[in-house]
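Work through the exercises below with the structure open beside you. Try each task before you read its solution.

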Amino acid sequence: MRQEKIKIAIWGFGAMGSGMATMILHKQGTDLCGVCDNYDGYVGKSIFSLLNLNNPYDHDVIIQKDIMSMLETAKPEIVLLATDSFTKSAFPKIKLIIEHGCHVISTAEEMAYPKANQPELAEAIDQIAKQNKVTVLGTGVNPGMMMDLLAIVLSGVMTDLTKFDISRINSLSPFGKTVMEEQGVGLSQAEFMNKLENKTIAGHVGFKESAMMIADAIGLDMESFHQTMAPIITEVDRSSKYGFAAKDDVCGVNMKAQAKLENNIDINLHHPQQIEPQLGGVKTGDYIRISGSPEVNMAITPEIEGGLGTIAICVNMIPHVINARPGLKTMIDLPVPRAIIGDMRKLIETE
Ligand code: NAD
């Protein structure tokens with residue numbers, strides 16, 4: 001086993017980034033060496049006072065506003081980037097990290113399969129990563145696991161298939177400000193419809209990424225893709241840590257997508273997500289039905305919690321990313337994700 005601890009930095013100390021910090025502090029063989037966030041309420045503060053945790057290290061971790069200064073002082077080998085949803089906005093940050101010689105794991109939904117919406121940027125990331133001999137991965141609970149990788153893995157026991165019906169009915173409550181804004185939580189119905197018409201509301205980001213990941217994984221081209229979005233209106237006031245929706249306002253988004261693959265194979269995706277679903281009498285769950293031989297019919301109830309799920313998968317993929325050959329990777333390129341309970345260095349390949 002290698003001697004040096006894995007030096008990890010976090011860029012973006014919001015709901016996901018701060019959760020990753022907490023998880024890393026409890027993992028053997030790791031050293032959380034730096035954190036960057038530009039929120040004035042965090043800058044200059046110790047993460048241990050913000051998280052209300054004991055410092056297990058012989059150094060403090062002070063949140064820095066300037067990413068260059070953080071990378072130069074902390075000298076991480078891998079950076080967990082938890083600031084964005086879109087490849088376009090994450091790209092300059094990813095490039096900067098790569099050019100500092102660090103591996104990257106991004107929570108940006110589009111980065112889970114960036115060639116789906118940004119093939120040129122995906123190619124550029126791959127090239128720059130190879131030039132700098134580092135690896136880049138996008139992952140998260142969804143996209144990254146529940147509506148794509150898990151279905152792909154389940155199809156591994158099938159001789160043939162005709163259709164994927166994948167549904168994730170989940171709570172938005174664990175997610176931060178960025179997600180609340182993207183889903184329109186707290187908007188009036190009229191404001192939501194206006195944003196929908198002007199295409200200024202994102203809803204769930206990642207359906208096209210999930211569908212194309214499945215298509216590529218089973219060796220078929222995607223011939224068409226279509227998605228729809230509708231507001232979920234609450235009948236009672238709902239509030240979560242980062243969101244609030246008054247009665248008759250928007251508490252989440254109901255998204256559906258259909259993808260058609262070669263060989264007449266269909267992928268149907270259904271993803272209604274809202275804050276505090278129990279207040280609307282909604283039971284959460286993850287469901288994957290694959291028609292074919294043999295039939296696959298998976299149900300996980302309640303849902304896999306999305307906040308902790310994202311935090312965990314990003315941290316658990318660290319050794320796989322460090323071990324991988326340089327370039328842009330996706331969840332179908334790397335070894336299967338698993339919870340790392342022992343010393344993380346045991347999973348790092350040595351010569
Ligand atoms: P959040 O809003 O709670 O946190 C984002 C943090 O990044 C904030 O603290 C903000 O100050 C900081 N930040 C933003 N831009 C910055 C910059 N240029 N420099 C320094 N700091 C900056 O959001 P979150 O819930 O933590 O989620 C983070 C991102 O991950 C979101 O875009 C979200 O959509 C995505 N996400 C993806 C998945 C998935 O399953 N793939 C799951 C959860 C979140």
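**Exercise 1. Follow a bridge in a parallel pair**

Task: Which residue of strand 5 is the bridge partner of leucine 81?

Solution. Keep in mind that this is a predicted model.
- Step 1. Find leucine 81, then look across to strand 5: the bridge partner there is serine 106.
- Step 2. Place this bridge in its ladder. Strand 4 covers residues 78–81 and strand 5 covers residues 103–106. Four bridges join these two strands, and they run parallel.
- Step 3. Look at what packs on the sheet. Helix 3 (residues 67–74) touches strand 1, strand 2, strand 3 and strand 4. The direction of helix 3 makes about 160 degrees with that of strand 2.
- Step 4. Add helix 1 (residues 15–25). Helix 1 lies across strand 1 (6–11), strand 2 (30–36) and strand 4. It runs at about 160 degrees to strand 1.

**Exercise 2. Order the seven-strand sheet**

Task: In what order do the strands of the open sheet of seven strands lie, and which are the edge strands?

Solution.
- Step 1. Read across the sheet: the order is 3-2-1-4-5-6-15. The pairing is parallel.
- Step 2. Go to the two ends of that order. Strand 3 (63–64) and strand 15 (327–329) are the edge strands. Each of them pairs on one side only.

**Exercise 3. Order the six-strand sheet**

Task: What is the order of the open sheet of six strands, and what kind of pairing does it have?

Solution.
- Step 1. The order is 8-11-12-7-13-14, and the pairing is mixed.
- Step 2. Find the edges. Strand 8 and strand 14 each pair on one side only, as edge strands do.
- Step 3. Check the turn between neighbours. With direction ignored, neighbouring strands of this sheet are turned by 5 degrees against each other on average.
- Step 4. Take one pair from inside the order. Strand 7 (residues 160–171) and strand 13 share nine bridges in the antiparallel sense. In this pair, phenylalanine 164 has isoleucine 290 of strand 13 as its bridge partner.
- Step 5. Find the helix on this sheet. Helix 9 lies across strand 7, strand 8, strand 11 (250–261) and strand 12 (265–274). Its angle to strand 8 is about 145 degrees.

**Exercise 4. Trace a hairpin**

Task: How many residues does the hairpin between strand 13 and strand 14 pass through?

Solution.
- Step 1. Start in strand 13 (residues 285–293) and cross to strand 14 (residues 296–300). The hairpin joins them through two residues.
- Step 2. Check the sense. The two strands run antiparallel, with five bridges between them.
- Step 3. Name facing residues. Isoleucine 288 stands opposite methionine 298. Aspartate 286 stands opposite isoleucine 300.
- Step 4. Recall a rule: in a regular strand, side chains alternate between the two faces of the sheet.

**Exercise 5. Place a pocket between domains**

Task: Why does the second largest pocket lie between domain 1 and domain 2?

Solution.
- Step 1. Mark the domains. The assignment gives domain 1 (6–140 + 308–347) and domain 2 (149–303). Their C-alpha centres lie 25 Å apart.
- Step 2. Look at the contact: 15 residues of domain 1 meet 15 residues of domain 2.
- Step 3. Turn to the lining. Both domains give residues to it, so the pocket lies between them.
- Step 4. Describe the pocket. Its volume is about 400 Å³. The lining has 17 residues, and Phe86, Ile201, Ala202, Gln227 and Met229 lie nearest the centre.
- Step 5. Sort the lining: eight residues are nonpolar, five are polar and four are charged. Helix 9 (207–217) and strand 8 (222–233) each supply at least two of the lining residues.

**Exercise 6. Spot unusual backbone angles**

Task: Which peptide bonds before proline 143 and proline 302 are cis or trans, and where do these prolines sit?

Solution.
- Step 1. The bond from asparagine 142 to proline 143 is cis, with omega near 0 degrees. Proline 143 is in the loop between strand 6 (135–138) and helix 6 (149–155).
- Step 2. The bond from threonine 301 to proline 302 is also cis. Here omega is near -10 degrees. Proline 302 is in the loop between strand 14 and helix 10 (306–316).
- Step 3. Now check phi at asparagine 52. It is near 60 degrees, a positive value in a residue other than glycine. Asparagine 52 is in the loop between helix 2 (47–51) and strand 3.

Terms used. Residues are numbered from 1 along each chain as its sequence is written. This is a predicted model: local features need pLDDT of at least 70, side-chain atom pairs count only at pLDDT 80 or more; totals for chains, interfaces and linings use all residues. Side-chain values use heavy atoms; hydrogens and water are left out. On a 1 Å grid over the protein atoms alone, a cavity is a set of points where a 1.4 Å probe fits but cannot get out, and a pocket is an open set with protein on both sides within 12 Å along at least five of seven lines; lining residues have an atom within 4 Å of a point. Grid points are joined across faces, edges and corners, and a volume is the space filled by probe spheres set on the points. Ala, Val, Leu, Ile, Met, Phe, Trp, Tyr, Cys and Pro count as nonpolar, Asp, Glu, Lys and Arg as charged, and the others, Gly among them, as polar. Domain bounds come from an automatic or database domain assignment. Two strands pair if DSSP finds at least two bridges between them. Contact means heavy atoms within 4.5 Å. Axes are lines fitted to C-alpha atoms, for helices over the stretch in contact, and angles run from 0 to 180 degrees between N-to-C directions.
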